[in-house]
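Hi,

Here's the structure I said I'd pass along. Have a look, and my notes are just below.

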Amino acid sequence: MSETTSASTKLSRRSLLGKSSTIAVAAAGSAWAASCDTGSESAAVEDGTAPASPGSQGDRLVLLGTGGGPIWWPGTDRRGFAAAVVANEKVYLIDCGAGVGERLKQAYLVPPEKQKPDRSGGLEQLRGVFLTHLHSDHTIDYFNLFLYGWFNGLRDVESPVDVYGPGRRGELEPVFTPPGKKASEPPVINPENPTPGTVDMTEYLYQAYALDVNDRMRDGGQPNLRDLVHVHDIDPPLPQGFDPNETPAPSMDPFLVHEDENVRVTATLVDHRPMFPAFGFRFDTPSGSVVFSGDTCRSENLIELARDCDLLVHEVISWDYINRASSPAGRNHLLQSHTPVDQVGRVAADCGARTLVLAHIVPGNCPDEKLLAAQEGYTGELVIGRDLMQIPLRG
Ligand SMILES: [Zn+2]
Ligand SMILES: [Zn+2]
């Protein structure tokens, strides 16, 4: 237990909060890994420090889902990737992987004075949604936020929720063909618009759910969904002659996506080829800064975006998983679009991030001890993200 005691002391100092969670810590040098086990007493309680109640911790990062990829990972409680930045009590959501609505409800990011005794609602404070890219493991529960959200606080937002996500890719990518294999052209889905952007996707989802949406408004008295959520395609600055199939993340300065009284959100293109557009986002608040890598291989654009940030939330993929690919071409394909665990520390070091937070972990059931390789080349703090973990911004 001595390791747990010293580790939980460190956790208390960091005020790292996990609701209804045990925070078990494996300290290794300056690295520590935290894991949450719903239903147990918290390590913070063990050393006499009561965890703050949900919704009362000030500006902070909240990890909602820390798994990556379109797989229901066995043997873990990691859900699909999603996170939130809470700034001045408003909630800014990053990606909508599987389970995002349920996790938001569990996190219950509602200030104490607005919390309802029966814990109804939950989305009242939502102000923005930012989609890094349109792979399904980042969007599968996007429209769930609209449809279920309606009944869980969305109808009570103070101002419409702004959604920002990638626009149309513009052209289909070539068919990936490993050397020596024969190319076969798969059928094209929705040929009149085979690479829809966020606004298109939202409109298609409205159409797909028209029966339900019309029923809820006509028979259920729900307010107009379109008045509650405003959707925007992000328009990155692209160079002349840009070709998404050649250089999907041309060198660029970070550009502004959204600014309000609580946050300034900037973005850059990252390299998740052949997916395009794929963004990293930076949230600057009066209390500190959080950067999300999105899905990417090592990206110089991201390093520029994340310069001197407080928290860098970066994707990671294990070598075991990469090596499972059946061919060298398959492995290269993965390495061109994701960041291996022993390279992510150097990214954090190169941008000067104070704390590196691993999320979008592939595989989702990767053992913590393998993820500690992320410390390589990095002397800052390493956090192995778990669902519902909250990390305060210090100001
Ligand atoms: Zn992903
Ligand atoms: Zn992806």
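A word on terms: donors here are N, O and S atoms within 2.8 Å of the metal (3.2 Å for Na, K and Ca), and water is not among the atoms, so sites may look incomplete. This is a predicted model, where local features need pLDDT of at least 70, side-chain atom pairs count only at pLDDT 80 or more, and totals for chains, interfaces and linings use all residues. Residues are numbered from 1 along each chain as its sequence is written, chains are lettered from A and ligands numbered from 1 in the order in which they are written, and side-chain values use heavy atoms, with hydrogens and water left out.

On to the metals. Along the chain, the donors of the zinc ion (ligand 2) are spaced H-x1-H-x136-H-x22-D. They are His133 (NE2), His135 (ND1), His272 (NE2) and Asp295 (OD), at 2.2 to 2.4 Å from the ion. For the zinc ion (ligand 1), the protein donors are Asp137 (OD), His138 (NE2), Asp295 (OD) and His360 (NE2), at 2.1 to 2.2 Å, with the sequence spacing D-H-x156-D-x64-H.

Asp295 is the bridge: it coordinates both zinc ions, which sit 3.4 Å apart. Asp295 is in the loop between β13 and α9 and His360 in strand β15 (residues 355-362), so this pair ties together parts 65 residues apart in sequence. (Helices, H or I of at least four residues, and strands, E of at least two, are DSSP runs numbered from the N terminus.)

Asp295 counts as buried at 2% relative accessibility, and His360 does at 3%. (Buried is under 20% relative accessible area, exposed over 50%, partly exposed in between, with a 1.4 Å probe and protein chains only.)

Cheers
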